[in-house]
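Thank you all for making time this morning. I would like to walk through one structure with you, so please keep the sequence and the model in view while I talk.

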Amino acid sequence: MTSLLRLPVAVLVLAYQSAFLALGQIWANKLRSLLTTVGIIIGVASVTAVIAALSGLKKSVLTEFQTFGTNKIFILPWWEGRGPRRDMRDDRVRFRPEMFDGMLDHCPSVATFTRLCDYNATISRGRKAEQMVEITGIEPTWHQIESREVILGRPFSWIDNTQARPVCIINDKVQDKLALSRDPVGDWIMIGDRRFTVVGVIKARAESSMFGSGRSSSEVFVPFTTARTSPRMGMICIAASRSPAVTDEAKAELTFYMRRARGLKVGEENTFQVESVEQFVQQFNSVATAITMVAGGIVGISLLVGGVGIMNIMLVSVSERTREIGLRKAVGRVPAPSCSSSSSRPRCSA
């Protein structure tokens, strides 16, 4: 039983002696201990601050992506501009509305889609006017994809779109800048030289440092067929997958459908792009992870250099203590001189 208690007691005694010796050295070398502590604090704080800042930035950007909609898929006209298609005419690249008529029947992973076109125009009401306002042509499904509800009035109907009615939906910025009434539904505004009836006021767009930069705060929406006054006007398509989990399947289905709608043969390059927000999220995650690792490594090197300096100071302290202990032991082992009186003259020997 006694042998079993010796080991824990020895460990406790060793720990007590080590702590007592360390505290004694700290107290004996106050300035050195203070500088060492400051180095440790700065190193750890720098690593923590860099990692926390990058993590916060990553979370902020991902939140904006989620607000933007992670199940959105953008279908854009595009060609590479080189090879046998480098001289392709714009009308072969430009989308036509009828290309998307049967898309939902052939793409089961796609929930809905909307065609869009836009142009800049001057809007006015009486003496109030604002120039270079983006006029966006949308279909009724746009509200479902963008999660933008109409807070006053009504959204566009399919009759508005098929008959190209001169109606519009505005946001509160347009309402204020043109000095419209508190309930402007039924009022009219001029878009260019054409008169439009206001049928609704849309919810304000969420502010975003990524997607809102460079945009006008005024928003005016008109039916897609009303906005597309010329067959040569460009258009794009925004689709929404049934869920973010099937976005890749939806992209593959849309790519196959668009190749057939374009009449592209096997081996020919696409004259369009199919890009999803989820794809941008994955790319950002990869870039953010790489940046975090690089920044953490750089700060870690600084912390390592500081640690080497701390170890050097500790080694100096231990070396000084070792020499002191060796000197004390050497002095303590010198025996006192002894005298012998066996002869007529006493002799002392060490």
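**Salt bridges and a strand**

Let me begin with D101, which is exposed, with a relative accessible area of 55%. Please bear in mind that what we are looking at is a predicted model. D101 forms a salt bridge with R115, and the closest N and O atoms of that pair are 3.2 Å apart. The two residues come from distant parts of the chain, since R115 sits in strand 2 whereas D101 lies in the loop between helix 3 (90-93) and helix 4 (103-106), with their positions 14 residues apart in the numbering. Is R115 buried or exposed? R115 counts as buried, because its relative accessibility is 11% and the cut-off for buried is under 20%. D101 and R115 also belong to a network with E139, joined by salt bridges that share partners.

In general, side chains of opposite charge can pair when their charged atoms come close. The structure as a whole holds 8 salt bridges, and I would like to show you two others. In one of these, the side chains of E130 and K177 meet at 3.1 Å, N to O. This pair, too, links distant parts of the chain, with E130 in strand 3 (residues 128-138) and K177 in helix 7 (residues 172-177), 47 residues apart. E130 is buried, at a relative accessible area of 14%, while K177 is partly exposed, at 38%.

The other is formed by R148 and E219, whose closest N and O atoms are 2.9 Å apart. Here R148 is in the loop between helix 5 (142-146) and strand 4 (150-153), and E219 is in the loop between strand 7 and strand 8 (220-223), which places them 71 residues apart. Both R148 and E219 are buried.

Let me now turn to strand 6, residues 188-191. Which of its side chains are buried? I189 and I191 point to one face and are buried, whereas W188 and M190 point to the other face and are not. As a general point, the side chains in a regular strand alternate between the two faces of the sheet.

Strand 6 runs antiparallel to strand 2 (residues 110-125), to which 2 bridges join it, and M190 is the bridge partner of S124. Strand 6 also pairs with strand 7 (residues 194-202), again in the antiparallel sense, over 4 bridges, with W188 standing opposite T197. The hairpin of strand 6 and strand 7 has 2 residues between the strands, and in it G192 takes a positive phi near 70°.

Notes: Residues are numbered from 1 along each chain as its sequence is written. This is a predicted model: local features need pLDDT of at least 70, side-chain atom pairs count only at pLDDT 80 or more; totals for chains, interfaces and linings use all residues. Side-chain values use heavy atoms; hydrogens and water are left out. Buried means under 20% relative accessible area, exposed over 50%, partly exposed in between (1.4 Å probe, protein chains only). Two strands pair if DSSP finds at least two bridges between them. A salt bridge is a side-chain nitrogen of Lys or Arg within 4 Å of a carboxyl oxygen of Asp or Glu.
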